[in-house]
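Me: Please take a close look at one part of this structure. I would like to see how a pair of helices packs together.

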Amino acid sequence: MKVDLRENRDFLSGLMFIVIGLGAVFIARDYPVGSALRMGPGYFPVALGGILFLMGLYVMVQGLIKKEKVKGNWSVRALIVLPLAVVVFGLMIERTGFIPALIVLAIISAAAGREFKFLEVLILAIALTAGCVALFIYGLGMPYPLVGGH
Amino acid sequence: MEIFDSLVLGFSVALSLQNLAYCFIGVLVGTLIGVLPGIGPLATIAMLLPLTFNVPPVSALIMLAGIYYGAQYGGSTTAILVNLPGETSAVVTCIDGYQMARQGRAGPALAVAAIGSFIAGTICTLLIALFAPPLAEMALKFGAPEYFSLMLMGLVTAAVLAHGDMVKSLAMVVVGLLLGIVGTDVNSGMSRFAFGIAELTDGIGFVVLAVGVFAVSEIVSNLGDQEERQVFTSKVKNLWLTWPEFKQSFGPIMRGTGVGAFFGVLPGTGPAIASFSSYMIEKKVSKTPERFGKGAIEGVAGPESANNADAQCKFIPTLTLGIPASAVMALMLGALTIQGIAPGPQVMTQKPELFWGLIASMWIGNLMLVILNLPLIGLWVSLLKVPYRMLFPAIMVFSCIGIYSVNNSNMELYLAALFGVLGFLWLKLDCAAAPMLLGFVLGPMMEENLRRALLISRGDPMVFLNRPISLSFIIATILILIIMAAPAIRRKREQITDAA
């Protein structure tokens, strides 16, 4: 059976470990390593990066032997929309205040799902926001302006 | 009796009105998320962690612990009634529990799950009270080499017991250790892996990582393979056990408690392994193994006791040694750290009210679960009718507020988004994220102890082998690795983790 490398689960895992390991060693190359007696800040990261690189190689080779496919689908829509919702919330919270940021967050998040009924989502967003304002701002006294920047 | 005094102190703390209220909120929220599939205790505790800033440490821990064991409990309710494991540990309960429900014996199944969990919880409370003080006393004598070797053992065990491929889990531990390094090095003041981002010089926030990897990526994955849920509500009658049923279940409950306590003190994954092992044992010792899978009450009693015992005994290494035994325990330690309490064996002597209050609250919480949940079962089941499309935006909203409220930093939100993507990648590639979180928590401590150990020994790595306690941890680590790598056991392990 032939499995495309782009779908080979362990090959990809190994590749990821190798990238992280090499990346760590590369970034830490300027940190003083020191000696075992007086370890510099570079000692631990370089050692870990090296170990991770070796493990990555092993996993990659295993992948070429075992040829396991990645299961399920990549749910591209949710994978893009949900992190985007978090980022938009981050951009808004200090500029527009708590309420608008939360409503937008809830609406964008809901758009990650398969079904999107606008009225239902709007009601959900308003209800969630109202609940959060009651709980976090009034209940727990979090110091965020409801509307407007700070 | 010292233990008696300690337990009295514990109950006096746990029975205060405020702490009872936090315990109640904890088990209620725990049961709720236990019932709802798609959100687990890990994500919930990570999300709610920032809310506990202004709460006294004891109350915060009592509530978070309540969420944890409450979730085990809620998971079994839906497993029995609608064949839907709310939590992974309840997968095993589905097998016989749902069959019992289909035969009109949902009442006894629910009752045995509740009673088994309660008995297991009671026994484990006593176990903790008995074994935690001597363990902590021993740990107080540990030096840097012992700590390093102990953490090494903890991380290796966590990785080999985790779901999926062993080498990949070990590699994930290393990824966690690397993530733990991000920030300013305490010894040299040099900032490492900070990429010039000011927020990163303080290190990656615990909440940021946990929410990103365990809440956001979880939702992405759920939305990917969404399947329509069907809910059948069956009438529940006779929420009690007859005497023959109780006699039949007593052995399994005791054995399950033993199995759960054993896996509980071992650093590893969640309670799924404990409940699965208990099921296998019950099937093996039964004179009529053919009844299993067709509604055998032993198949519910054993695993349900086991997962509760496991959940509680996980607190033993966590509180006495400061070494988290699972990802949820890592969050508990995170909660302690946020409160300004350094986890470790000194907690028990310096803050006895915290330690014993928490232990006592777990027993009270278990009692609350029995009293509360049996009458509320109808309500929990009707909650299942809430569609996921209403649920996940709420989880997102809570997550984001949780992250932002830690440091009022939007950079941390962007980081969480990044970890959400990474966490999903790990999920797809079958790289277990729980060992990563343990590595992340232990990373800075391990580096510190490694440095100190080698400083004492003037750079001689033999220091880890010359000291008897450290040597025994190292030998145990190597043994675990050899045993788990042996082909026969490896196959068995894969069977168990796959099934779980």
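Reply: Here is one helix pair, described step by step.

This is a predicted model, where local features need pLDDT of at least 70, side-chain atom pairs count only at pLDDT 80 or more, and totals for chains, interfaces and linings use all residues. Residues are numbered from 1 along each chain as its sequence is written, chains are lettered from A and ligands numbered from 1 in the order in which they are written, and side-chain values use heavy atoms, with hydrogens and water left out.

The pair is helix H2 (residues 17–35) and helix H16 (residues 352–383), both of chain B. Helices are DSSP runs (H or I, at least four residues), numbered from the N terminus.

Their axes come within 9 Å and cross at roughly 45 degrees. Axes are lines fitted to C-alpha atoms over the stretch in contact, and angles run from 0 to 180 degrees between N-to-C directions. That makes H2(B) oblique to H16(B). Oblique is what remains once angles under 35 degrees (roughly parallel), over 145 (roughly antiparallel) and 65 to 115 (roughly perpendicular) are taken out. The crossing of H2(B) and H16(B) is right-handed: the near helix is turned clockwise from the far one by less than a right angle.

Now the residues in contact (heavy atoms within 4.5 Å). From H2(B) they include B:Leu20, B:Phe24 and B:Leu28. From H16(B) they include B:Ile364, B:Met368 and B:Trp380.

The residues of this contact between H2(B) and H16(B) divide into 13 nonpolar, four polar and no charged. Here Ala, Val, Leu, Ile, Met, Phe, Trp, Tyr, Cys and Pro count as nonpolar, Asp, Glu, Lys and Arg as charged, and the others, Gly among them, as polar.

Terms used:
Helix = DSSP H or I, 4+ residues; strand = E, 2+ residues; numbered from the N terminus.
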